[in-house]
Amino acid sequence: MSPGKRLERIAARVVFDSRGDKTVEVEVTVEGYTSRVSAPSGKSRGKREVVPFPEGGPEAAARVARERVSRLTGTELESLLALDRRLIEMDGTPNFSHIGGNTSIALSVACASAYAASEGKQLYAALAQLTGQDPALPLPLSNVLGGGAHAAPGAPEIQEFLIIPLGARTIKQAVEANVAAYRKLGKLLQRELPGFPLGKGDEGGYAPPIGNRKALELVRAAADEVYDETGVEMGVGIDVAGSNIYDPNSNRYALRSEGLYLTGREFKEYLADLTDEFRLVYIEDPFSEDSPQLYADLQRDLKSVLVCGDDLVVTRAELIEEEVRRGAIRAAIIKPNQVGTVSLTVDAVAACIVNSAVAVASHRSGETTDAYISQIAVGLGCKVIKCGLIGGERVAKLNELLRIGEEIGEGRMRRLLI
Ligand code: PGA
Ligand code: ZN
């Protein structure tokens with residue numbers, strides 16, 4: 001067995017994310033190679049995610065990292081993800097409430113990246129070697145219009161309106177097509193709402209005061225215009241973030257902008273109508289995370305749509321497996337900070353692949369300019385990446401894919417047959 005690599009230094013500090021909220025950044029040195037990573041934060045979080053920060057928030061998290069976790073300095077790492085088990089042991093809770101999931105994921109990614117660098121590799125290449133995947137580029141699923149918890153009141157209740165360039169042959173063509181659709185959407189919105197200053201939601205999509213149907217009509221039109229001009233087939237999808245519009249007291253889904261208060265069954269019909277009318281290919285978290293049977297009913301009715309679980313499965317391999325087997329979903333969101341380590345993220349993507357589900361690597365609404373999610377998506381075999389489109393912290397992920405494309409070939413795209 002080859003000797004381990006020495007973990008020489010752990011440092012931590014508080015930095016700010018794209019929303020101006022505090023988060024944790026760490027620096028890790030392995031065998032003279034240093035990697036710096038900061039963790040993003042969600043606003044529409046699943047109940048079963050790990051706790052992002054210990055009691056006391058990001059300041060306490062940085063303190064715990066400096067005073068306690070730094071005791072791991074000097075550890076001999078026998079493999080790429082060897083730190084992860086030690087982080088779990090040191091935390092000692094089922095949900096990372098001691099160290100905090102954000103500190104843990106930042107350390108886990110930084111350590112793996114530095115370890116890979118010490119072998120002359122980027123993280124994606126080391127992860128691909130570990131998992132036996134052929135590295136390839138995911139299709140970017142881009143938020144062009146935001147509502148729900150990511151926008152001000154008056155915006156649509158559906159949280160995200162998404163486009164995906166299904167027919168793109170290179171990563172550059174994929175990004176260009178999405179940007180073109182975003183710009184066309186801006187023009188359509190200006191025509192729809194004359195004089196309306198085009199505001200943005202947390203993930204960089206427009207956040208206009210319009211209803212869900214009107215939003216979908218305009219996004220569909222923008223996507224179709226791009227298809228007509230470029231020949232790139234464009235899919236449209238949504239992230240309902242169903243738990244946020246579900247009212248447990250009345251047991252209804254509240255679409256206030258449309259005056260609709262629907263039962264689960266009625267809301268399922270509403271989503272089926274939207275799918276027909278706007279040719280949706282992707283629906284994320286359609287219902288409350290406590291109603292997997294409704295997901296299964298929708299997926300059964302809409303066989304060609306990718307129903308995707310985010311809050312429903314929170315990047316946990318066992319939940320992904322359970323819900324794919326139930327027939328509730330055909331895709332799962334992969335957000336590494338929902339579970340707190342790269343190892344658990346590897347397990348979650350593997351659970352997708354062995355169960356023939358699509359893994360969708362994803363950013364969070366409060367992001368940093370780090371782009372490790374792109375490295376993870378390429379290395380683990382995620383067919384899709386949901387990382388936003390506009391804004392420095394979003395485009396950082398896309399630009400990282402362009403760079404990786406230079407190494408592996410920009411036409412090495414994963415294909416999504418819907
Ligand atoms: P977040 O949500 O605000 O928790 O990052 C994004 C999503 O629901 O996909
Ligand atoms: Zn989501």
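**Exercise 1. A helix-to-helix salt bridge**

R213, with a relative accessibility of 28%, counts as partly exposed in this structure, which is a predicted model. Determine with which residue R213 forms a salt bridge, and state which parts of the chain the pair ties together.

*Solution.*
Step 1. The class of R213 follows from the cut-offs: buried means under 20% relative accessible area and exposed means over 50%. The value of 28% therefore makes R213 partly exposed.
Step 2. The partner of R213 is E277; their side chains meet in a salt bridge of 2.6 Å, N to O.
Step 3. E277 belongs to helix 8 (residues 264-278) and R213 to helix 6, so the salt bridge ties together parts that are 64 residues apart in sequence.
Step 4. The relative accessible area of E277 is 48%, so this residue is partly exposed.
Step 5. The general principle is that side chains of opposite charge can pair when their charged atoms come close.

**Exercise 2. Two further salt bridges**

For the salt bridges E192 with K214 and R364 with E49, decide whether the residues concerned are buried or partly exposed.

*Solution.*
Step 1. In the pair of E192 and K214, the closest N and O atoms are 3.6 Å apart. E192 is found in helix 5 (residues 171-192) and K214 in helix 6 (residues 212-230); the two residues are 22 residues apart and link distant parts of the chain.
Step 2. The relative accessible area of E192 is 34%, so E192 is partly exposed; K214, with 25%, is partly exposed.
Step 3. In the pair of R364 and E49, the closest N and O atoms are 3.1 Å apart. This pair links distant parts of the chain, 315 residues apart: R364 is in the loop between strand 15 (358-362) and helix 12 (372-380), and E49 is in the loop between strand 3 (33-38) and helix 1 (57-67).
Step 4. Because its relative accessible area is 2%, R364 is buried. E49, at 7% relative accessibility, counts as buried.
Step 5. These pairs belong to a structure that holds 39 salt bridges. Salt bridges may also join into a network, as with R9, R13, E25, E27 and R36.

**Exercise 3. The zinc site**

Identify the residues that coordinate the zinc ion (ligand 2), and describe how they are spaced in sequence.

*Solution.*
Step 1. The zinc ion (ligand 2) is coordinated by D239 through OD, E284 through OE and D310 through OD, at 2.0 to 2.2 Å.
Step 2. Read along the sequence, these donor residues follow the spacing D-x44-E-x25-D.
Step 3. E284 is part of strand 12 (residues 280-284), while D310 is in the loop between strand 13 (306-309) and helix 10 (317-326), so this pair ties together parts that are 26 residues apart in sequence.
Step 4. E284 has 0% relative accessibility and therefore counts as buried. D310 counts as buried because its relative accessibility is 2%.

**Exercise 4. The interface between the domains**

Describe the interface of domain 1 and domain 2 by its contacts, its buried area and its salt bridges.

*Solution.*
Step 1. Domain 1 covers residues 5-120 and domain 2 covers residues 131-408. Their C-alpha centres lie 27 Å apart.
Step 2. The contact involves 30 residues of domain 1 and 33 residues of domain 2.
Step 3. The two domains bury about 2,600 Å² between them, and 50% of this area is on carbon and sulfur atoms. On the side of domain 1, P40, S44 and R48 lose the most area to domain 2, together 25% of what that side buries.
Step 4. Four salt bridges are found across the interface. There are 24 residue pairs in polar contact between the domains.
Step 5. Strand 3, helix 2 (82-91) and helix 3 (101-118) are the elements that give two or more residues to the side of domain 1 that touches domain 2. Helix 3 provides the largest share of that side, six residues.

**Exercise 5. An enclosed helix**

Explain why helix 9 (residues 292-301) is described as largely enclosed by the rest of the structure.

*Solution.*
Step 1. The buried residues of helix 9 are P292, L294, Y295, A296, D297, L298 and Q299.
Step 2. Seven of the 10 residues in helix 9 are thus buried, and therefore the helix is largely enclosed by the rest of the structure.
Step 3. These buried residues pack against strand 10 (252-255), helix 8, strand 12, strand 13 and helix 10.

Methods. Residues are numbered from 1 along each chain as its sequence is written. Chains are lettered from A and ligands numbered from 1 in the order in which they are written. This is a predicted model: local features need pLDDT of at least 70, side-chain atom pairs count only at pLDDT 80 or more; totals for chains, interfaces and linings use all residues. Side-chain values use heavy atoms; hydrogens and water are left out. Donors are N, O and S atoms within 2.8 Å of the metal (3.2 Å for Na, K and Ca); water is not among the atoms, so sites may look incomplete. Helices (H or I, at least four residues) and strands (E, at least two) are DSSP runs, numbered from the N terminus. Buried means under 20% relative accessible area, exposed over 50%, partly exposed in between (1.4 Å probe, protein chains only). Domain bounds come from an automatic or database domain assignment. Contact means heavy atoms within 4.5 Å. Buried area is the accessible area (1.4 Å probe) that two parts lose on being put together, summed over both. A polar contact is a pair of N or O atoms within 3.5 Å; within protein, one must be able to donate a hydrogen and the other to accept it, and residues adjacent in sequence count only if both atoms are side-chain atoms.
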